[in-house]
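Trainee: I'd like a close look at one loop of this model, and then a sense of how that spot sits in the chain around it. Keep it informal, but walk me through the reasoning.

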Amino acid sequence: MTLCRVALASALALICIGDAAAKDVGADARRVHEEALVLDTHLDTPANFRRPGWNIADNHQHEGDLSQVDLPRMKMGGLDGGFWVIYTAQGARDEASKRSARDHGLERLVSIHEMLAAHASELELARTAEDAERIAASGKRVSFISMENAAPLASDPSLLTAYHRLGLRMLGITHVRNNDFGDSSTDPAGAEWNGLSPAGRALVEAANRLGIVLDASHASDAVFDQVLELSRAPIVLSHTSADALYDHPRNIDDARLRRLAAKGGVIHVNAYGGYLIDIPKIPEREAAMETLGKKYGPEGQLSVEQARGYLAERREIEARYPAKQATFDHYMAHLLHILKVAGVDHVGIGADWDGGGGVVGMEDVSALPRVTEALLAAGYTQQDIRKIWSGNLLRVIREARAIAKD
């Protein structure tokens, strides 16, 4: 069998696995899942909204991890909605770069609103917890908006008010590098501010004043500690896993989990394989992937047609240099550990879809009923599962709004 045929067989197998994951869930688990309001706190799907030929109304399952969320698969997996992410990569911090980040953030916000306007019969913007419940009851998909990395605000932090008016309800401080507001958990240079910068402290206060939920995923431990201390509202981790199971700077330790819970916060468990288990790098694979990236350019700019060629070549590389992969069992181990430590009132789901999330056995959102089935098997009740899928998140959104009113 040629490498191309191996790649094609592998791609078809992944699609079949996803279909089977959705169909093989028992009737009781399916009922519990469908009766819950199912929300995910970290949908990086807006990265696809500007791709030529890409439409959220189409099923893009054939694209694998290039596209894990669309309306057909949301319906298949019982995903009622979540937070569409305004993600901005952390670049240089000179004035020109800050203006570029500002423009990028606003453009991505516009792309979310354009998508919602184009599919108004299927999706609707949510600004409050009550909106989410009303929208889901109407049969539409709930569309909150969040920001991952506050870099678009660096040139003018007062833009946060404009973002809020246009629907922003969750704000992540950093991404993989330090920025003007605080330290990242993964910057190779180490700490710059020893937590939040003065601008970061002001940003926390501004978010509280507006009723925007603060998100400490990607932030350093010191930033987490300081945001938890300074915020008058509970905070969240929108997509983070357990340090106790895999010691990674992006994960959170049990002591901080308990402190998050004690202050009413919620951790939403990530399905990014590299944060669930140790995946050794294969130099030849890394070099081949780098060459492929240079050939095609950023994944978020590939047309649907270009993606076919890119994926064929990428799968050939993957077949030539197979790497260790995280599985659904690894994901559930993190989720169950975090539930044990933080308690059922302080845990949710934020799988990092379209941002690197997904594991073998849960490749896209169509497989989400598997999580409900596994939670039932672990002894969690229907009421517990409703809290995990959205109840805890909506409580935090309500509390943030109430504090803003005060």
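Mentor: Names first: helices here are DSSP runs of H or I with at least four residues, strands are runs of E with at least two, and both are numbered from the N terminus. With that in hand, our spot is D354, in the loop between β9 (347-349) and α14 (369-377). Bear in mind that this is a predicted model.

What makes D354 worth a stop? Its phi is positive, about 65°, although D354 is not a glycine. As a rule, most residues other than glycine have a negative phi. And is D354 buried or exposed? The cut-off for buried is under 20% relative accessible area; D354 has 14%, so it counts as buried.

D354 has company. H218 also shows a positive phi without being a glycine, near 75°. H218 is in a loop too, between β6 (213-215) and α8 (221-230). At 5% relative accessibility, H218 counts as buried.

Now look at what meets this stretch of chain from the other end of the sequence. D40 is in strand β1, residues 39-43. Its relative accessible area is 0%, so D40 is buried. Which residues does D40 touch, once neighbours within four places in sequence are set aside? One set is L79, G81, G82 and F83; the other is I349, G350, A351 and W353. Within that second set, I349 belongs to β9, the strand on one side of our loop. There's a further long-range pairing: the C-alpha atoms of D40 and W389 are separated by 7.5 Å, although their positions lie 349 residues apart along the chain.

For contrast, try H60, in the loop between β1 and α3 (71-76). H60 is buried as well, at 3% relative accessibility. Leaving out residues up to four places away in sequence, H60 touches W54, N55, S67, D70 and R73. The C-alpha atoms of H60 and P188, 128 residues apart along the chain, are separated by 35 Å.

Step back to the whole chain and the long-range pairing has a counterpart in the totals. Of the contacts with a separation of 6 or more, 72% are between residues 24 or more positions apart. Buried residues make up 55% of the 406. The chain has 15 helices and nine strands. Its radius of gyration is 20 Å, close to the 22 Å that the globule rule gives for 406 residues, so the chain is as compact as a globular protein of that length.

Inside, the largest nonpolar core has 84 residues, and those with the most contacts within it are W84, L153, Y331, L335, M362 and V371. Helix α13 (residues 328-342) gives the largest share of this core, eight residues. Apart from it lies another core, of 20 residues, with L37, F83, A129 and A132 among them. F83 should ring a bell: that residue is also in contact with D40.

Methods
Residues numbered from 1 in each chain as written. Predicted model: local features only at pLDDT ≥ 70, side-chain atom pairs only at ≥ 80, totals over all residues. Heavy atoms only, no water. Rg over C-alpha atoms; globule rule 2.2 N^0.38 Å. Buried < 20%, exposed > 50% of the residue type's maximum accessible area, 1.4 Å probe, protein only. Contact = heavy atoms within 4.5 Å. Core = buried A, V, L, I, M, F, W, Y, C linked by side-chain atoms within 4.5 Å.
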